[in-house]
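Reader: I am new to this structure and would like to be led through it step by step. Could we begin by looking at it together?

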Amino acid sequence: MENNFSYASRKSFIDGTKNSDYDVAVIGGGIVGAGIINLLSQIGIRAILLEKNDFAAGTSSGSSKLIHGGLRYLAQMHIKLTRDLLRERNFLLRYDFLVKPVNFRILVDDYSWNRFELSLGLFMYNVLGGHFKIPHMVKNHGEFDKSIRGYFDYLDAMTDDTTLVMHNIMSAVMKGGICINHAEVVGLRDDKNVKELHVVDTIKNEPFSVRSKYIINAAGPWVNEVSVALNLKKDEKFLLSRGTHIVIKQFDKPITNAIVFRSHIDGRQMFVIPREEVIIIGTTDVFVKSPEDTVAPEEEIDYIVKSVARIYPSISRGSVLSTYWGIRPLYGAGSDPGKVSRDFKLAMINNIIEILGGKITDYGKVARKVAKIILKDMGKSASLRGKPEILYKRDFSFDNYDMHIMKECAMTEEDLMRRAGIEIYHPWLRETAKKEIKEALARNHLS
Ligand SMILES: Cc1cc2nc3c(=O)[nH]c(=O)nc-3n(C[C@H](O)[C@H](O)[C@H](O)COP(=O)(O)OP(=O)(O)OC[C@H]3O[C@@H](n4cnc5c(N)ncnc54)[C@H](O)[C@@H]3O)c2cc1C
């Protein structure tokens, strides 16, 4: 099993496409595409993944990084969605080097659900997650502003989304999956027997093509753009919403638990999540027109700061060390992005499967559904239980840039900044990291 994936492997993967016919070509190397190629490679299907930027460069590095059932979805009566997400959470918790349990503290005040709703909701959440635990409210004894009456504790989980994607990509490569980053799909020649994707290696600006029987459009918020490149129609029920997070160092009263509260400005549920040496706070939920609409306006940052300052008055605009955002791919309708379902939908037309919506948490379920459709169509069978498995385990530290390059095929400065999580977890290392990354790229002949 190959577990070194370098730029040399990438070159041989691109060269190999000339003489290969694949069963499945996956477009998009976010968590959904990565989970799919990982699973397909584990059941012996010849699959290739093409990612126009870097793996996890899209929404799958801009999430809140929670592996959760979503209390909010339960409150919206999406009971099956919550149960399914909690099953996936429980499954993923077995990979303790990637997914960690977190204690959440949900605050009770004039803006929250009331005490009765919260204890009933959390009881159901616990039961759906497989625990018969009766929740109790703990009174605020001065840990929070006096407007907070108390809190309930519950357990959920978190991950690092970029790292989770990379572990799926690497697990796929170990099983013979072909994964190519910086490879943009720009068109399709569709014959009766085979589909030929036109692809551009954006590092060398050279075209190549990929022949495959099935195509999976896992382009997240770019799903409609990719459909157009594949000569299909845009889906009008597909919506995009931007979510912004801020990163701060600590509050004046340091916290170790994650906090959930509702903004006094618009009632939106917000998370305060301690991660390594920082605290991540978010998020917003604002409809946008384009998947490239990623620059968070100042008012979104102000909104987050003002919302959290009600709970922790020491925070101000000057506390913000960095910001990050992602664009949610959503399937549904309505004028309030917070009310559009977070479930996913699959559609298959002429051997092209399109994936609309979904969460990080249920990527495994999406992958199993896609695999079922393909296995059935190919007249094959395979056990999907407990899959996709994570077979790879990273054995180097976040700032070992040479290892990111030589073992996991990082190609550019941006790839390394993202994969090392500099802007999110270590923003004060920004300038040092850029310098060290430039040196590492030069050492590896990538600059
Ligand atoms: C603010 C925010 C918070 C969130 N929080 C959570 C959370 O806490 N927990 C949770 O479970 N979910 C969360 N989500 C949802 C989750 O992040 C997304 O549903 C998930 O990351 C989508 O993954 P994806 O693979 O579909 O899309 P992406 O990660 O965007 O991947 C799609 C990929 O396709 C590539 N691509 C596009 N066009 C082409 C092309 N022509 N050729 C080749 N490649 C192409 C893109 O470069 C991109 O990398 C959150 C989302 C947001 C925005």
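**The ligand and its surroundings**

Reader: From which domains does the shell around the ligand draw at least three residues each?

Author: This is a predicted model, and what follows is to be read with that in mind. The shell around the ligand takes at least three residues from each of two domains, which are domain 1 (7-60 + 162-235 + 342-394) and domain 2 (82-158 + 238-333).

Reader: Which helix and strands each supply at least two residues of that shell?

Author: The shell has 37 residues around the ligand, and those that come nearest are Glu51, Ser60, Leu66, Gly358 and Thr361. Among the elements of secondary structure, at least two residues each are supplied by helix H2 (31-42), strand E8 (183-190), strand E11 (238-248) and strand E16 (322-331).

Reader: How many residues of the shell are nonpolar, polar and charged?

Author: The shell around the ligand can be divided by residue type, with Gly counted among the polar residues. On that division, the residues of the shell are 14 nonpolar, 17 polar and six charged.

Reader: What share of the ligand's accessible area does the protein cover?

Author: Backbone atoms of the protein approach the ligand at several points: a backbone N or O atom of Thr59 is 2.9 Å from a ligand oxygen atom, while a polar backbone atom of Ser64 lies 3.0 Å from a ligand nitrogen atom. A backbone N or O atom of Val185 is likewise 3.0 Å from a nitrogen atom of the ligand. On its own the ligand has 1000 Å² of accessible area, and the share that the protein covers is 97%.

**Cysteines and a buried helix residue**

Reader: Why is the sulfur of Cys179 not in a bond with that of Cys409?

Author: A disulfide is a covalent bond between the sulfur atoms of two cysteines, and the cut-off used here is a sulfur pair within 2.5 Å. By this rule the count of disulfides is zero. Cys179 is buried, at 0% relative accessibility, and Cys409 is also buried, at 0%. The cysteine sulfur closest to that of Cys179 belongs to Cys409, and they form no bond because the distance is too far, at 9.6 Å.

Reader: Is Ile374 buried or exposed?

Author: Ile374 is part of helix H9 (residues 363-378). A residue counts as buried under 20% relative accessible area, and the value for Ile374 is 0%, so Ile374 is buried.

Reader: How far apart are the C-alpha atoms of Ile374 and Arg342?

Author: Along the chain, Ile374 and Arg342 are 32 residues apart. In space, the separation of their C-alpha atoms is 24 Å.

Conventions. Residues are numbered from 1 along each chain as its sequence is written. This is a predicted model: local features need pLDDT of at least 70, side-chain atom pairs count only at pLDDT 80 or more; totals for chains, interfaces and linings use all residues. Side-chain values use heavy atoms; hydrogens and water are left out. A residue is near a molecule or strand if one of its heavy atoms lies within 4 Å of it. A polar contact is a pair of N or O atoms within 3.5 Å; within protein, one must be able to donate a hydrogen and the other to accept it, and residues adjacent in sequence count only if both atoms are side-chain atoms. Accessible areas come from the Shrake-Rupley method with a 1.4 Å probe; for residues, only the protein chains shown count as cover. Helices (H or I, at least four residues) and strands (E, at least two) are DSSP runs, numbered from the N terminus. Domain bounds come from an automatic or database domain assignment. Buried means under 20% relative accessible area, exposed over 50%, partly exposed in between (1.4 Å probe, protein chains only).
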